Amino acid sequence: MAGHKNHDYHILPPSITPLMGSMSALVMAVGAIMWMHGGHVSPEKANGGGWIFFAGLAGVLFTMYTWWSDVVREAHAGDHTPVVQLHLRYGMILFIASEVMFFVGWFWAWFDFSLFPAALEFADGSATNLVGQAGAAAAETWPPKGIEVIDPFGFPLLNTLILLCSGTTVTWAHHALLHGDRDGFKKGLWLTIILGVIFSCIQAYEYAHAPFPFSGINYGAAFFMATGFHGFHVLVGTIFLTVCLIRAYKGHFTPRQHFGFEAAAWYWHFVDVVWLFLFVSVYVWGGWGAPVHAG
């Protein structure tokens, strides 16, 4: 019969959301470039770039909200057949794989700087200013001479335990949902979100009291970029799980259909694993032998 659906897929209706999202991303990128580089020309352009950046960011956030709202409506309408759910899982797996490669770049930079520290000193001598008069000698060690490192068995170890606990609570929430225990599902989500917020607060405190700066030396730049992007992913994962908690109170998710929460749980476990590598590589191995900051 003409127009009869004889497949497991659903045809999406026309939507302006993809165009809106791409244009917002372009505006955000242009604004960021103007914000970062406009100050070299005039302060007015730098300030204008900031407004353009946040306008683009607002458009991107609005796109995320409307697009994912459409996906939720499609799920409740029955459009997410087993085949569609399978392909959504493939998409999430590929997204996490791309995130893995993103962090591979930061780990590569960290190990490059640490295993070949002779390339540490900048051409303008800014590293020498931080490590004292030793100059070339300081550039041959890692961490560089003259700086203190964060004690890995203080707040970093505490944050490691917090994330490991959060991995167990999100797994508890998943198993509770699979067995129809919605109360346990909500409690597991609450605990995971609270642990994520505590982790972010501790990391913010650690950054505020870090004994080395972000700029001027590769150790600080590599440290803050690697751990900072992980912290950003923790923030995104916390928001992801918070949305799942709100949907849980609205009666969303069933033992047979809950990919939205499953994707959030996968993402959270990925964040946990990345932190374990960061803790071992950056905090423990990367600061081995250097004086520990007492503050």
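Is Cys 165 buried, partly exposed or exposed, and what is its relative accessibility? In this predicted model, the relative accessibility of Cys 165 is 42%, so this cysteine counts as partly exposed. Cys 244 offers a contrasting picture: its relative accessibility is 2%, and it therefore counts as buried. A disulfide is a covalent bond between the sulfur atoms of two cysteines. A search for such bonds across the whole structure returned zero disulfides.

A step back to the overall fold helps to place these residues. The protein contains eight helices and zero strands, and its elements follow one another from the N terminus as α-α-α-α-α-α-α-α. Of its 295 residues, 41% count as buried.

Helix α8 is a good place to look at this burial in detail. This helix covers residues 259-285, 27 residues in total, and spans 38 Å between its first C-alpha and its last, close to the expected 39 Å. Along the way, α8 has a kink of about 30°, with Leu 278 at its centre. Because 19 of its 27 residues are buried, α8 is largely enclosed by the rest of the structure.

The surface has a feature of its own to show. Ile 16, Leu 19, Met 23, Leu 26 and Val 30 together make a nonpolar surface patch of about 490 Å². One of these residues, Leu 26, belongs to helix α1, which runs over residues 17-37. With a relative accessible area of 48%, Leu 26 is partly exposed, because that value falls between the 20% limit for buried and the 50% limit for exposed residues.

How values were computed
Residues are numbered from 1 along each chain as its sequence is written. This is a predicted model: local features need pLDDT of at least 70, side-chain atom pairs count only at pLDDT 80 or more; totals for chains, interfaces and linings use all residues. Side-chain values use heavy atoms; hydrogens and water are left out. Patches are made of residues with over 30% relative accessible area and no salt bridge: like charges are joined within 9 Å, nonpolar side chains (Val, Leu, Ile, Met, Phe, Trp, Tyr) within 5 Å. Accessible areas come from the Shrake-Rupley method with a 1.4 Å probe; for residues, only the protein chains shown count as cover. A salt bridge is a side-chain nitrogen of Lys or Arg within 4 Å of a carboxyl oxygen of Asp or Glu. Helices (H or I, at least four residues) and strands (E, at least two) are DSSP runs, numbered from the N terminus. Buried means under 20% relative accessible area, exposed over 50%, partly exposed in between (1.4 Å probe, protein chains only). The expected span of a helix is 1.5 Å times one less than its number of residues. The bend at a residue is the angle between axes fitted to the seven residues ending there and the seven starting there. A disulfide is a pair of cysteine sulfur atoms within 2.5 Å.
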